[in-house]
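Student: Please take me closely through a single part of this model, the loop regions and the helices they border, and then place that part within the chain as a whole. I am new to this structure and would welcome one connected account.

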Amino acid sequence: MAEVAVLGLGAMGSRMAANLLKAGHRLTVWNRSKEAAHSLISTGARLAGTPREAAAEADFVIAMVRDGIASRKIWLDEDTGALAGLKAGAVAIESSTLTPVWIGELAKAASARGVAFLEAPVAGGRPQAEAAQLIYIVGGEKDVLARTEPLLKAMGTAVHHAGPVGAGAMVKLSVNSLLAIQVGAMAELIGLLQRLGADVDRAVEIIGTTPASSPAAKTMAASMRAGTFAPLFPVELMDKDLAYAVAMAGADCSQHMPLTIAAREVFQHGIDRGMGDDNITSIVRLYTEPR
């Protein structure tokens, strides 16, 4: 079993860490708020005072944080950054949803220190993280992935090699853009059906049986109709990911990503209406509730 450090114990990181413990790995954790580590400590994890301290003895260091700003601080902070603390032969793994540009910069910083690096963002939310059913989308060298894959499979059911460093971020942002477009489309159609006086539940049920409906669209539509908006994937985080996806397209984003830009505008309207902390399916309220 490996010595592993997990940096970031939010909704995803805490569940990933718990599965590493269940798999028998020796675990050190760090989180900005120490309270988030209590349940993991009670089941065998060690709490470190800084990311660098957490990384010191680890064979693998996994970061799972909100955005690029948090990732940069965790890895590269002059006083506490984890990258400078990794031992020879260790692997730095960034699992957060980030931009290809920052991933490339982080990989170069790791290489300059002689540290092996993988990006390993995930598809799946809190339920999949808890059940160790995440899908990993990996960018990096194949030999580093071969060393790391058994560890990733303690937290997920599939590991896909997307290509070199940066490819993982490209695919992950594409996945989330596709999800956002589908969620926005279902919310819009449910609102339309309601305004037209249709039997919305029956209409949504029928749509879900057709080839046009993806499993994700069917699940999201059911959530919208049930009004269950607990934040499995908050609107605010989707907006962040869409901002990264649009930035990935560069100066010509309006030409190359009009649907993603339109979807982001919908999620931004949701934030303006106070839905930022709610699940992404809550944007249906933009179309079904009086303004």
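Tutor: In what follows, helices (H or I, at least four residues) and strands (E, at least two) are DSSP runs, numbered from the N terminus. With that convention, Ala132 falls in the loop that lies between α6 (126-130) and β8 (134-139). Residues are numbered from 1 along each chain as its sequence is written, and side-chain values use heavy atoms, with hydrogens and water left out. The model is a predicted one, in which local features need pLDDT of at least 70 and side-chain atom pairs count only at pLDDT 80 or more, while totals for chains, interfaces and linings use all residues.

Ala132 is not a glycine, yet its phi is positive, at about 55°. A residue is called buried under 20% relative accessible area, exposed over 50%, and partly exposed in between (1.4 Å probe, protein chains only). Ala132 has 17% relative accessibility and therefore counts as buried.

A second loop, between α4 (68-76) and β5 (91-94), contains Ala88. Because its relative accessible area is 77%, Ala88 is exposed. Its C-alpha atom is 10.0 Å from that of Ala58, and 30 residues separate the two along the chain.

The third loop runs between α13 (258-272) and α14 (285-288), and Thr281 is found there. With a relative accessibility of 0%, Thr281 counts as buried. The side chain of Thr281 takes part in polar contacts, that is, pairs of N or O atoms within 3.5 Å; within protein, one atom must be able to donate a hydrogen and the other to accept it, and residues adjacent in sequence count only if both atoms are side-chain atoms. One such contact joins the side chain of Thr281 to the side chain of Ser223, at 3.0 Å. Another, also at 3.0 Å, joins the side chain of Thr281 to that of Asn279. Contact in the general sense means heavy atoms within 4.5 Å. Setting aside residues up to four places away in sequence, Thr281 touches Val183, Met220, Ser223, Met224, Thr228 and Phe229.

Attention may now pass to the helices. Ser177 belongs to α8, which covers residues 167-195. A relative accessibility of 5% places Ser177 among the buried residues. Apart from its neighbours within four places in sequence, Ser177 is in contact with Leu242, Ala245, Met257 and Thr260.

Gly191 is likewise found in helix α8, and at 0% relative accessibility Gly191 counts as buried. Once neighbours within four places in sequence are left aside, Gly191 is in contact with Tyr287 and Thr288. The C-alpha atoms of Gly191 and Thr288 are separated by 5.1 Å, although the two residues are 97 residues apart along the chain.

Helix α10 (residues 215-226) holds Lys218. Beyond residues up to four places away in sequence, Lys218 touches Gly208 and Ser213. Between the C-alpha atoms of Lys218 and Pro290, 72 residues apart along the chain, the separation is 25 Å.

These parts belong to a chain with 14 helices and nine strands. For its 291 residues the globule rule (2.2 Å times the number of residues to the power 0.38) gives 19 Å; the radius of gyration, taken over C-alpha atoms, is 20 Å, close to that value, so the chain is as compact as a globular protein of that length. The C-alpha trace spans about 65 × 45 × 35 Å along its principal axes. Of the 291 residues, 51% are buried. Among contacts with a separation of 6 or more, 65% come from residues 24 or more positions apart.
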